[in-house]
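Let's walk through this model together, moving from one pair of side chains out to the whole chain and back to a few single residues. Please keep the structure open as you read.

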Amino acid sequence: MMRYDLVDDLRRSLNQLEQALSTLREDIEQQPLLIARVFSLPPIEKGQEHEAITQITVEQHLGLAARQKALEHYCRLFMQHQSEKLSTKAAVRLPGAICIECDEEKEASLMDQVSHINQLKQHIELMITQESGLPSEARFDFVHHHFPGLITLNAYRTIPLLSAPDSLRFGWANKNIIKNLQREEVVAMLEKSLKANRAQAPWTREQWAEKVQQELASVRALPANTRLKIKRPVKVQPIARVWRAEEKKQVQLACPSPILITCRDRSQVPVLGELPNYDAQNITHRHKPAAETLWLLIPRLHLWVDHPVEP
């Protein structure tokens, strides 16, 4: 059940987030810029959200222009901040990094600011995805009824901050979301969908209910010990590989937003790599383990089972 004061809490949190982002932008602009490199990706227009991506052409920006784009990206929460032609269901991605000079006191201040911003973002996501009590298919209408134009992915995405790594190189990652489930967990999920009494286009409520009932019957017919797995492909995403020589360790991070890097002076400036264009036909896998054989049970859920199923 939705809290009666949820909308007011969300409004306050969004106002606080906008104010905190504006302050962070001003503070970053006051610090000396050491190096900046960000990569614009082709915009996703309305209606193109679910189209397969096979090629991505990257446009590189450097220096002050890169910093300006990064700061605008951090502060972009509403579609009023972008072209009306662009999708509000697909957040704009801007991989890259900006590196600023700051002393120990200023670095600590920036860390506190970014931490506060990220906590606000996590609180907003929690309210929309959990405290609202709404299923995922109903959240878009709820958000845009009360907060027209809010781009939830932009509001959720935290700002990454690092202290002087040795190098930062960029690339692309193709991944699957994988979740192992028990039969009863899937049954509960489908029963919840049925009780919600909502339809998904192009079906009517009655047609949708019949479809879910058929899915329920298929799952209930499985042996109790059947292994089920949701294996859903995620669209290709930009990543950053962070290297620290002292630790002899590389960490890979998702990079939908520019990484903010703090350095004491120019001697700490990291090596920033470039992001190549993406071409699905020319991917080289360093290590690709053999995939487990699975059979698709419910296509819309990307739900697979570990043995053949009757058609």
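Glu191 and Arg220 meet through their side chains in a salt bridge, with 2.5 Å from N to O; the term stands for a side-chain nitrogen of Lys or Arg within 4 Å of a carboxyl oxygen of Asp or Glu. This pair links distant parts of the chain, since Glu191 sits in helix α6 (residues 183-195) and Arg220 in helix α7 (residues 205-220), 29 residues apart. Helices here are DSSP runs (H or I, at least four residues), strands are runs of E with at least two, and both are numbered from the N terminus. Glu191 is partly exposed at 28% relative accessibility, and Arg220 is partly exposed too, at 45%. For these labels, buried means under 20% relative accessible area, exposed means over 50%, and partly exposed lies in between (1.4 Å probe, protein chains only).

A word on the source: this is a predicted model, in which local features need pLDDT of at least 70 and side-chain atom pairs count only at pLDDT 80 or more, while totals for chains, interfaces and linings use all residues. Residues are numbered from 1 along each chain as its sequence is written, and side-chain values use heavy atoms, with hydrogens and water left out.

How many salt bridges does a search of the whole structure find? There are seven. One of them joins Lys106 to Asp27, whose closest N and O atoms are 3.7 Å apart. Here too distant parts of the chain are linked: Lys106 belongs to helix α3 (residues 104-131) and Asp27 to helix α1 (residues 6-30), 79 residues apart. Asp27 is buried, with a relative accessible area of 14%. Another salt bridge pairs Arg183 with Glu184, at 3.0 Å between the closest N and O atoms. Arg183 is buried at 16% relative accessible area, whereas Glu184 is partly exposed at 47%. As background, side chains of opposite charge can pair when their charged atoms come close.

Helix α7 offers one more residue to look at, Gln213. Gln213 is partly exposed, with a relative accessible area of 41%. Its C-alpha lies 8.2 Å from that of Leu190, although the two are 23 residues apart in sequence.

Now turn to the interior. In soluble globular proteins, nonpolar side chains tend to be buried together. The largest nonpolar core in this model has 41 residues; such a core is a set of buried Ala, Val, Leu, Ile, Met, Phe, Trp, Tyr and Cys residues joined through side-chain atoms within 4.5 Å. Those with the most contacts inside this core are Leu10, Leu21, Ile28, Tyr74, Ile124, Leu150 and Leu260. At least two core residues come from each of α1, β1 (33-40), α2 (63-75), β4 (96-101), α3, α4 (136-146) and α5 (152-156). Helix α1 gives the most, with nine residues. Leu150 is in contact (heavy atoms within 4.5 Å) with Leu14, Leu77, Phe78, Val143, His144 and Ala155, leaving aside its neighbours within four places in sequence. A second, separate core has 22 residues, including Ile56, Val58, Val242 and Ile259.

Stepping back, the protein chain has seven helices and 13 strands. Its C-alpha trace spans about 65 × 50 × 35 Å along the principal axes. Of its 311 residues, 41% count as buried. Among contacts between residues at least 6 apart in sequence, 83% join residues at least 24 apart.

The loops hold a few last stops. Ala164, in the loop between β5 (161-163) and β6 (167-181), has a positive phi near 35 degrees, and is buried at 18% relative accessibility. His302, in the loop between β12 (295-298) and β13 (303-305), also has a positive phi, near 55 degrees, and is partly exposed at 28%. For comparison, most residues other than glycine have a negative phi.

Finally, look at Asp265, in the loop between β9 (259-263) and β10 (271-272). Asp265 is partly exposed, at 33% relative accessibility. Not counting residues up to four places away in sequence, Asp265 touches Leu34 and Glu101. The C-alpha atoms of Asp265 and Cys102 are separated by 7.5 Å, with their positions 163 residues apart along the chain.
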